[in-house]
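Got your viewer open? Load the model below and we'll go through it one selection at a time.

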Amino acid sequence: YIVNVTDGGALSNPGTISGPLNICSSATGLVYSVATQPNATYYIWTLPSGWSGSSTTNSITVTAGTAGGTITVQAGNACSFSSVSNITVSITPAGYWQGITDNWNDANNWCNGVPTATTDVIIPSGVPNQPKIYTANAVAKSVTINIGASLTMQGGYNLTIASGGAFANNGSFDATGSTTGAVVFAGTGTVSGSLTTTFNNV
């Protein structure tokens, strides 16, 4: 008998996985990818529990679950597999500011939509835009401004903190552009943080 043996070629590690690391719960259309590997004919992806998506190419589009975890990928061919590349992803909570624009009342700027009276708002640093309240009234259960982050109020719109809520300023709060707008505590509440907070109206 004559046996033909095909050498599929050595496979390198797929390298760094590109894609978002901090994701809103149940976000869709998330794309993760690695560089195309010589000699690879397919790729094996694994996702965190509760996530969905499938692919045999060097790119995968997924829907996030409600918890983070690890995404892995491995290149393969008829003869062998590469070592595994991985990336750790985490879920950011509802009320986490994304900062696509600066408008507080734009749902695209938040994880899980514009905050309500039950939302604990977190304003982080390092996002493209910091929030401004200038198109409509705003409401939250609590507001935490992280170090290096800011919140600005302009015009005559209010920010209402629900009863039992809190306002914590560890960054910058600017209400100097607010004419009649006020921070309204709808019941008991606390004001805290590492920096002094000045309310024009309260």
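Here's a short tour, from the whole chain down to its cores.

Start with the cartoon view of the whole chain, and keep in mind that this is a predicted model. Look for helices and you'll find zero, but there are 14 strands to click through. From the N terminus on, every element in the run is a β. Why does the chain look so stretched? Its radius of gyration is 24 Å, well over the 17 Å that the globule rule gives for 202 residues, so the chain is more spread out than a compact globule. Turn it along its principal axes and the C-alpha atoms fill a box of roughly 90 × 30 × 25 Å.

Now switch on the surface. You're looking at about 10000 Å² of accessible area, with 52% of that belonging to carbon and sulfur atoms. Of the 202 residues, 37% count as buried.

Next, select Trp104, Ile123, Val143, Leu151 and Leu159: within the largest nonpolar core, which has 20 residues, these touch the most other members. Then colour strands S7 (120–123), S9 (138–145), S10 (150–155), S11 (159–169) and S12 (172–178), since each supplies at least two residues of this core. S9 gives the most, with four residues.

Zoom in on Ile123. Leaving aside residues up to four places away in sequence, its contacts include Trp97, Trp104, Pro131, Val143 and Leu151, along with Gln130 and Asn146.

For the last stop, select Ile17, Tyr32, Val62 and Val73. They are among the 16 residues of a second, separate core.

Technical notes
Residues are numbered from 1 along each chain as its sequence is written. This is a predicted model: local features need pLDDT of at least 70, side-chain atom pairs count only at pLDDT 80 or more; totals for chains, interfaces and linings use all residues. Side-chain values use heavy atoms; hydrogens and water are left out. The radius of gyration is taken over C-alpha atoms; the globule rule is 2.2 Å times the number of residues to the power 0.38. Buried means under 20% relative accessible area, exposed over 50%, partly exposed in between (1.4 Å probe, protein chains only). Accessible areas come from the Shrake-Rupley method with a 1.4 Å probe; for residues, only the protein chains shown count as cover. A nonpolar core is a set of buried Ala, Val, Leu, Ile, Met, Phe, Trp, Tyr and Cys residues joined through side-chain atoms within 4.5 Å. Contact means heavy atoms within 4.5 Å.
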